[in-house]
Protein chains: 2
Amino acid sequence: MSDYDHLAKAIREVPDYPKEGILFYDITTLINNGELFNEVADILHQRYAGAGIDKVVGIEARGFLFAPVLAYSLKAGLVPVRKPGKLPAETVEISYDLEYGTDSVQMHKDAVAPDEKVLIVDDLLATGGTAAATCKLIEQQGAQVVGMAFVIELDFLNGREKLPGQDVFSIIHY
Amino acid sequence: MSDYDHLAKAIREVPDYPKEGILFYDITTLINNGELFNEVADILHQRYAGAGIDKVVGIEARGFLFAPVLAYSLKAGLVPVRKPGKLPAETVEISYDLEYGTDSVQMHKDAVAPDEKVLIVDDLLATGGTAAATCKLIEQQGAQVVGMAFVIELDFLNGREKLPGQDVFSIIHY
């Protein structure tokens with residue numbers, strides 16, 4: 001039991017998506033409820049208010065559903081981290097291993113400046129590959145990752161182990 | 001000249017993206033500035049505050065960078081409209097013609113309820129195909145589109161003509 005059980009209850013569990021044997025946690029039913037979406041935003045805001053965040057980084061695509069609210073409430077800039085080929089100007093890129101093959105994330109080269117304080121936001125922390133690559137992207141530009149916020153964390157996938165030394169916060173744990 | 005020239009100046013113009021001859025208006029440089037991102041959010045909020053919006057629909061992917069802030073500030077639910085295959089539960093879908101071929105948008109079938117008041121948000125109104133299809137998706141479910149908000153509108157592409165009878169608002173016009 002936690003204070004956030006009512007939020008967890010609003011998440012739809014979709015069996016066998018995106019493939020057989022995977023139980024997908026669908027946040028669209030949570031954010032569809034205006035009161036609950038506001039509550040999620042306020043939980044995250046309260047955690048990072050006063051931390052001097054300069055930039056909030058949202059990870060494509062579901063991270064974009066939460067990061068803008070934090071950028072707004074913290075009066076920070078908003079930075080999209082995207083899959084390759086989606087950003088129009090000069091980018092930096094990090095590749096990371098998947099179970100089969102590799103994937104990459106890109107950010108505009110001028111999106112964060114040295115010494116800026118950055119908060120990374122995504123809907124879900126699973127194996128942590130994307131989150132770890134996003135951290136590297138930001139740190140390579142000389143900026144500082146001061147927090148990583150997720151709505152859901154799948155504890156059994158140990159994604160946190162890929163984020164050593166980071167301040168990782170998730171609202172709902174499975 | 002308009003009150004929003006300083007916002008237009010923060011938009012990066014990228015020639016020949018995504019293909020030769022296209023001048024791409026890149027909003028990432030606008031939202032990267034926390035003050036300007038807040039201002040954009042406040043302009044949109046002020047326009048729709050008091051309109052009784054139940055749901056804010058964001059169109060993948062750049063619409064997701066603005067829609068959540070409106071959902072938050074209006075205390076409305078947030079609904080993603082996505083490209084096919086990205087939503088895990090039962091969806092409704094509309095196809096629309098492109099210059100060459102067709103494209104489609106999907107929404108979860110239970111995302112809007114009959115008679116709900118819906119605000120559609122995207123970064124850019126260009127030819128209007130995606131926006132018109134999104135309107136149809138929502139109206140087919142019996143909900144009411146009470147506004148369509150864009151950060152940028154490319155007036156010379158006449159996208160508005162595909163949205164007859166809709167209340168269309170764009171902050172910056174080219």
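These are my notebook entries on the interface, one helix and several charged pairs of a predicted two-chain model.

**Conventions.** I worked from a predicted model, in which local features need pLDDT of at least 70 and side-chain atom pairs count only at pLDDT 80 or more, while totals for chains, interfaces and linings use all residues. Residues are numbered from 1 along each chain as its sequence is written, chains are lettered from A in the order in which they are written, and side-chain values use heavy atoms, with hydrogens and water left out.

**Entry 1, the interface.** I looked up the contact (heavy atoms within 4.5 Å) and found that 39 residues from chain B and 39 residues from chain A take part. The buried area, meaning the accessible area (1.4 Å probe) that two parts lose on being put together, summed over both, comes to about 3300 Å², with 59% of it on carbon and sulfur atoms. On the side of chain B, I noted that B:N32, B:Y72 and B:P88 lose the most area to chain A, together 21% of what that side buries.

I then turned to the polar terms, where 20 residue pairs, both at pLDDT 80 or more, are in polar contact between the chains; such a contact is a pair of N or O atoms within 3.5 Å, and within protein one must be able to donate a hydrogen and the other to accept it, while residues adjacent in sequence count only if both atoms are side-chain atoms. The largest share of the side of chain B that touches chain A, five residues, comes from α3(B), helices here being DSSP runs of H or I of at least four residues and strands runs of E of at least two, numbered from the N terminus.

**Entry 2, A:N38.** Which residues of chain B does A:N38 touch? I find B:A71, B:Y72 and B:K75, leaving aside residues up to four places away in sequence. A:N38 sits in helix α3 (residues 34-48) of chain A, and a polar atom of its side chain lies 3.2 Å from the backbone oxygen of B:Y72. I recorded A:N38 as buried at a relative accessible area of 6%, where buried means under 20%, exposed over 50% and partly exposed in between (1.4 Å probe, protein chains only).

**Entry 3, salt bridges.** I counted a salt bridge where a side-chain nitrogen of Lys or Arg is within 4 Å of a carboxyl oxygen of Asp or Glu. The structure holds 18 over all chains, and two lie across the interface of chain B and chain A. B:R12 and A:D110 meet in a salt bridge at 2.8 Å, N to O, and I also noted a network that links A:R12, A:D26 and B:D110.

Within chain A, A:D167 pairs with A:R47 at 3.2 Å between the closest N and O atoms, which links the loop between β8 and β9 (168-173) to helix α3 across 120 residues. I find A:D167 partly exposed at 34% and A:R47 partly exposed at 37%. The pair of A:E153 and A:R160 is 2.7 Å apart, N to O, with A:E153 buried at 4% and A:R160 partly exposed at 35%.

**Entry 4, helix α5(A).** I checked helix α5 (residues 129-140) of chain A, whose 12 residues reach 16 Å from first C-alpha to last, close to the 16 Å expected at 1.5 Å times one less than the number of residues. Its buried residues include A:C135, A:L137 and A:I138, and among the elements that cover the buried residues are β3 (55-59) and β8 (144-153) of chain A.
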